[in-house]
Structure formats: structure tokens, C-alpha cells
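Got your viewer open? Let's take a walk through this model together, one selection at a time.

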Amino acid sequence: MNRRVLLLGLLFAAAVLAFIGSAEAKMNGPCTAQIAGADFGTVDEVSIPSGASIPYSFSAPTALSSYELQLHYGPYSASPSSGTVESDQTSISGEVPMDKYAWLGTGLYSLTGGVVLADGSSCKGTINVNVEGNPLASAVGATAAAVTVGSTAGLIAMFLKAGAAAAA
Amino acid sequence: MADSAAASGWKWVFKPGMIVLGALFALGVLVLLQQYGVTTFTTGKLGAALVFGAILGVVLGSAGARRTRPAARAEASQ
């Protein structure tokens with residue numbers, strides 16, 4: 001069997017599987033966490049308006065030591081909210097300023113929330129945040145649309161050019 | 001299989017231009033899917049999209065090159 005064909009087939013199958021895969025929201029550890037009113041442990045996705053700040057809260061059975069929220073976008077990740085807890089607080093709340101990340105546009109984002117407890121244990125959870133709005137009105141969305149249309153036209157042109165050159 | 005592929009006029013062609021365009025196409029589609037709320041944009045999906053696009057470029061490049069080969073065109077016209 002042609003090894004190159006087999007390799008291409010395997011890569012294609014792996015790419016399709018990874019392309020369509022999607023993580024479910026989970027919360028590990030004895031804590032509870034909420035974002036925009038949605039529980040990390042039970043809700044997979046929460047919708048928010050574009051540019052809005054998202055209220056969040058963490059609570060644990062014992063005192064908290066530190067907390068962090070991380071927004072993921074491909075290889076890029078940002079920490080819109082993090083800090084340490086000085087007193088014996090067992091809960092903490094605040095707001096994620098999503099307007100700072102408006103340049104990313106609309107759509108679905110993976111948000112990871114984690115807390116470290118005073119006894120050294122930790123909790124971590126992930127939830128998908130759907131930022132509502134018009135994708136083509138953002139720089140990222142408009143650029144993606146232009147790249148998709150341009151590359152499609154380029155692929156068709158290169159495909160047809162080869163045939164036309166042979167026919168000449 | 002390689003013999004049957006050659007007999008049918010098919011030959012794998014790796015054109016850098018087609019591979020880059022295929023990867024750009026898949027990247028654009030992935031970002032659009034993310035922007036429309038269909039899927040998240042993760043590092044794994046970025047890699048998968050680039051691999052998917054590169055394979056698409058190879059397949060389209062090979063199909064385009066097949067049209068240029070006289071033997072393949074003659075066989076197709078029969």
C-alpha cells in the first residue's frame with residue numbers, strides 16, 4: 001500500500017476529529033463557581049452581550065488562597081482577572097472586563113477558572129462563553145471572511161490555471 | 001495501489017502555493033465558525049485545521065495536475 005496515501009488518510013481523519021471536537025464544562029474539586037449566573041459544574045455554555053463585563057463568583061468549603069480566570073483563543077491566552085485572598089474568605093466575587101478583549105470579536109470562547117485553597121488543594125473548571133454580536137462587524141471576523149473568500153478564489157484559480165495551461 | 005493510481009493517471013503533487021492556500025482556507029473557516037459561535041478556537045483545532053487545509057491543497061493540486069497530463073486527459077475523454 002502506498003504509504004503516502006495512508007499517511008494522508010490518517011492525518012485527514014485526525015484533523016477532522018480534532019476540528020469537530022468540543023470540551024464540556026466541568027469543575028474539579030470541592031468548590032463551586034459561577035459566571036454570568038451559570039454554574040461551571042452544570043452548564044456548558046453561557047451567552048453574554050458583546051463588550052459586557054461578566055460577573056463571577058467562587059466559593060469553597062475552606063479558606064481561599066488565590067484565584068485566576070483565563071480566556072483562551074488558539075495559542076493565545078489572557079488572564080482577565082486574578083489575585084490573592086488575604087483573609088479567611090471562603091468565597092470571592094468580581095467582574096471580568098470583557099471590553100478589553102473586544103478586538104477578538106464575537107463567538108465562542110473557552111474560559112477557565114481556578115482557585116487555590118489555603119490547605120493547598122485546588123479547583124479548576126472550564127465553561128464556554130458565547131459573546132453575542134455581528135461577526136462581520138469585528139476586525140477578526142471580517143479578516144477571516146476575507147481570507148476564506150480570497151483563498152477559495154486562489155484555489156479555484158490555481159486549479160483551473162493548470163488545466164488551461166495544458167490545453168493551450 | 002501505487003500502480004493502480006499511476007494507471008488511472010493519478011499522481012500526488014505537492015504544490016507549495018496550493019498547500020498554503022488550503023491552509024489559509026481552513027484557518028479562515030475555523031475562525032468564522034468560532035466567530036459565529038459554532039466551536040471554540042483552541043490550539044489543537046488550529047493545528048487540525050492547518051493539517052486539513054494542507055491535505056486539501058495536496059488533493060486539489062494533484063487533481064489539477066492530472067488535468068494537465070495528456071495520458072490522463074486522453075483516458076478521461078475515452
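## First stop: a loop in chain A

Select A36(A), which sits in the loop between β2 and β3 (38–39) of chain A; helices (H or I, at least four residues) and strands (E, at least two) are DSSP runs, numbered from the N terminus. A36(A) has a positive phi of about 50°, although it is not a glycine. Most residues other than glycine have a negative phi. With a relative accessible area of 31%, A36(A) is partly exposed. On this tour, buried means under 20% relative accessible area, exposed means over 50%, and partly exposed is in between (1.4 Å probe, protein chains only).

Before moving on, here is some small print. This is a predicted model, where local features need pLDDT of at least 70, side-chain atom pairs count only at pLDDT 80 or more, and totals for chains, interfaces and linings use all residues. Residues are numbered from 1 along each chain as its sequence is written, chains are lettered from A and ligands numbered from 1 in the order in which they are written, and side-chain values use heavy atoms, with hydrogens and water left out.

## Zoom out to chain A

Now select the whole of chain A. How many helices and strands does chain A have? The count is 2 helices and 10 strands. Walking from the N terminus, you meet them in the order α-β-β-β-β-β-β-β-β-β-β-α. Chain A has 168 residues, and 39% of them count as buried. Look at the contacts in chain A with a separation of 6 or more: 63% of them are between residues 24 or more positions apart. Contact here means heavy atoms within 4.5 Å.

Turn on the surface, too. The accessible surface of chain A comes to about 8700 Å², and 58% of that belongs to carbon and sulfur atoms. Such areas come from the Shrake-Rupley method with a 1.4 Å probe; for residues, only the protein chains shown count as cover.

For a sense of distance, pick G9(A), in helix α1 (residues 3–20) of chain A. At 36% relative accessibility, G9(A) counts as partly exposed. Draw a line from its C-alpha to that of S66(A): the two residues are 57 apart in sequence and 46 Å apart in space.

## Into the core

Next, select I35(A), F58(A), V115(A), I127(A) and V129(A). These residues touch the most other members of the largest nonpolar core, which has 42 residues. A nonpolar core is a set of buried Ala, Val, Leu, Ile, Met, Phe, Trp, Tyr and Cys residues joined through side-chain atoms within 4.5 Å. Strand β6 (residues 64–73) of chain A gives the most to this core, with 5 residues.

Stay with V115(A) for a moment and show what surrounds it. Leaving out residues up to four places away in sequence, V115(A) touches C31(A), F58(A), L64(A), S66(A), Y67(A), S121(A), S122(A) and C123(A).

## The disulfide

Two of those names deserve a closer look. A disulfide joins C31(A) to C123(A), with an S to S distance of 1.8 Å; a disulfide is a pair of cysteine sulfur atoms within 2.5 Å. C31(A) lies in the loop between β1 (26–28) and β2 (32–35) of chain A and C123(A) in strand β10 (residues 122–132) of chain A, so the pair ties together parts that are 92 residues apart in sequence. The link of C31(A) and C123(A) is right-handed, with 60° about the S-S bond. Are these cysteines buried or exposed? C31(A) counts as buried at 7% relative accessibility, and C123(A) counts as buried at 3%. A search over all chains finds 1 disulfide.

## Over to chain B

Select chain B, which has 4 helices and 0 strands. Of its 78 residues, 41% count as buried.

Try coloring by pLDDT, the predictor's confidence in each residue, from 0 to 100. Chain B averages 84, and 77% of the residues score at least 70. Among the elements of chain B, helix α1 (residues 2–7) has the lowest mean pLDDT (57) and α2(B) the highest (95). Where pLDDT is low, the predicted coordinates should not be read in detail.

Finish on α2(B), which has 20 residues and reaches 28 Å from its first C-alpha to its last, close to the 28 Å expected at 1.5 Å a residue. That expected span is 1.5 Å times one less than the number of residues. Buried residues in α2(B) include M18(B), L21(B) and L30(B). V29(B) is in this helix (residues 16–35) too, and at 25% relative accessibility V29(B) counts as partly exposed. Just after α2(B) comes G37(B), whose phi is positive, near 80°.
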